[in-house]
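Colleague: I'm still learning to read protein models. Could you walk me through this one?

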Amino acid sequence: MAGFTINGVSKVYGGANPTETLSNIDLKIEDGEFLSILGPSGCGKSTLLELLAGLQLPSSGEVLFDGKPLRGPGIERGVVFQDPSLYPWRTVFRNVELGLELRRATKAERQERVQKYLDMVGLTGFEHKYPHHLSGGMKQRAGLARALANGPEVLLMDEPFGAVDHLTRLQLQDDLLNIWEAERKTVVFVTHDVSEAVFLGNRVVLLSPRPGRIKQIFHVPNKRPRKRDDIELVSIQNDIYAAIHDVKTQEHLEYII
Ligand code: ADP
Ligand code: MG
């Protein structure tokens, strides 16, 4: 069961001025859910995702995956960053093949899996292109195919569509939802975009900054297919904007006092 349990997790980065980035996070992420993590820049979203990836360890508390404490990265948790960092000297096919190659999968298995996921992300016909021939959105598609080809149980995505134009971004959101429907992996999706968080997630965890804390969790009704102008989705967006405004007002008061 590919779920996480985060128990009382805090993260303090060391250095000359140690600061608490995340404070006392308690959160259960269920197997197969699509969880959005939303918050302004600097509130600790990437840190939280890195804790789930095992790229960071908590300063206190614990992160359990599948009921066991996380000690580091693992093949069952695929990470997709804003910059897909494809190798420029490898074709799209060979970039997506990389993880399978490292695991010494057979040529037949590599061929089948890479083609399956390139088709799934809409890159059929681009197998033999090099990354510099691809648009930003297509590079993200290749990065997603690369993560999926490794067969992870969980996808951890850190603002993956942050650097692509708006219309491409909407298309990538639609496609990601379709992939999630087909594959039913657990997805943890970090964004600072309210409408993206609501459109994609079954739940939206809103973080407040300095230190990062869970401000509120919003449940999104699971109507499919989703429509961006759905009245319930718009109303949840409004609730989130109100909660963000409340965070800002409190900070302002602290500032005055
Ligand atoms: P977000 O992804 O929401 O923008 P981050 O998790 O990247 O937030 O960062 C939250 C805070 O933690 C920021 O103030 C940032 O400077 C600090 N921080 C992040 N990573 C490190 C690190 N490796 N070392 C020191 N400070 C860090
Ligand atoms: Mg970040």
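Here are some questions and answers about the structure above.

Modeller: Happy to help, and keep in mind that this is a predicted model.

Colleague: Cool. In what order do the four strands of the open sheet come?

Modeller: Start from the edges, where each strand pairs on one side only: these are β2 (19-29) and β5 (68-69). In between, strand β1 (residues 4-13) and strand β4 (residues 60-65) are joined by five bridges and run antiparallel. Put together, the order is β2-β1-β4-β5.

Colleague: And which residue in β4 stands opposite Asn7?

Modeller: Strand β1 covers residues 4-13, and its partner β4 covers residues 60-65. Strands of a sheet pair through backbone hydrogen bonds, either parallel or antiparallel. Opposite Asn7 you'll find Glu62.

Colleague: Which strands does helix α1 touch when it packs on the sheet?

Modeller: Helix α1 is residues 45-53, and its direction makes about 125 degrees with that of β1. The sheet has the order β2-β1-β4-β5. The strands touched by α1 are β1, β2 and β4.

Colleague: Now the ligand. Which element gives the largest share of the shell around ligand 1?

Modeller: Look at who surrounds ligand 1: the list includes Tyr13, Thr21, Gly44, Lys45, Ser46 and Thr47. Helix α1 spans residues 45-53. With three residues, the largest share comes from α1.

Colleague: How many residues of that shell are polar?

Modeller: Pro40, Ser41, Gly42 and Cys43 are also among the residues around ligand 1. By class, the shell has three nonpolar residues and one charged, while the number of polar ones is six.

Colleague: How far is an oxygen atom of ligand 1 from an N or O atom in the side chain of Thr47?

Modeller: Let's go through the side chains in turn. For Thr21, the distance from a ligand 1 oxygen to a side-chain N or O atom is 3.1 Å. For Ser46, that distance is 2.8 Å. For Thr47, it is 2.5 Å.

Colleague: What percentage of ligand 1 does the protein bury?

Modeller: Begin with ligand 1 taken alone, which exposes 560 Å². Of that area, the protein buries 55%.

Colleague: Last one: which residue has a positive phi, though it isn't glycine?

Modeller: Most residues other than glycine have a negative phi, and most peptide bonds are trans. This one lies in the loop between α2 (92-102) and α3 (107-120). Its phi is near 60 degrees, and the residue is Arg104.

Notes
Residues are numbered from 1 along each chain as its sequence is written. Chains are lettered from A and ligands numbered from 1 in the order in which they are written. This is a predicted model: local features need pLDDT of at least 70, side-chain atom pairs count only at pLDDT 80 or more; totals for chains, interfaces and linings use all residues. Side-chain values use heavy atoms; hydrogens and water are left out. Two strands pair if DSSP finds at least two bridges between them. Helices (H or I, at least four residues) and strands (E, at least two) are DSSP runs, numbered from the N terminus. Contact means heavy atoms within 4.5 Å. Axes are lines fitted to C-alpha atoms, for helices over the stretch in contact, and angles run from 0 to 180 degrees between N-to-C directions. A residue is near a molecule or strand if one of its heavy atoms lies within 4 Å of it. A polar contact is a pair of N or O atoms within 3.5 Å; within protein, one must be able to donate a hydrogen and the other to accept it, and residues adjacent in sequence count only if both atoms are side-chain atoms. Accessible areas come from the Shrake-Rupley method with a 1.4 Å probe; for residues, only the protein chains shown count as cover. Ala, Val, Leu, Ile, Met, Phe, Trp, Tyr, Cys and Pro count as nonpolar, Asp, Glu, Lys and Arg as charged, and the others, Gly among them, as polar.
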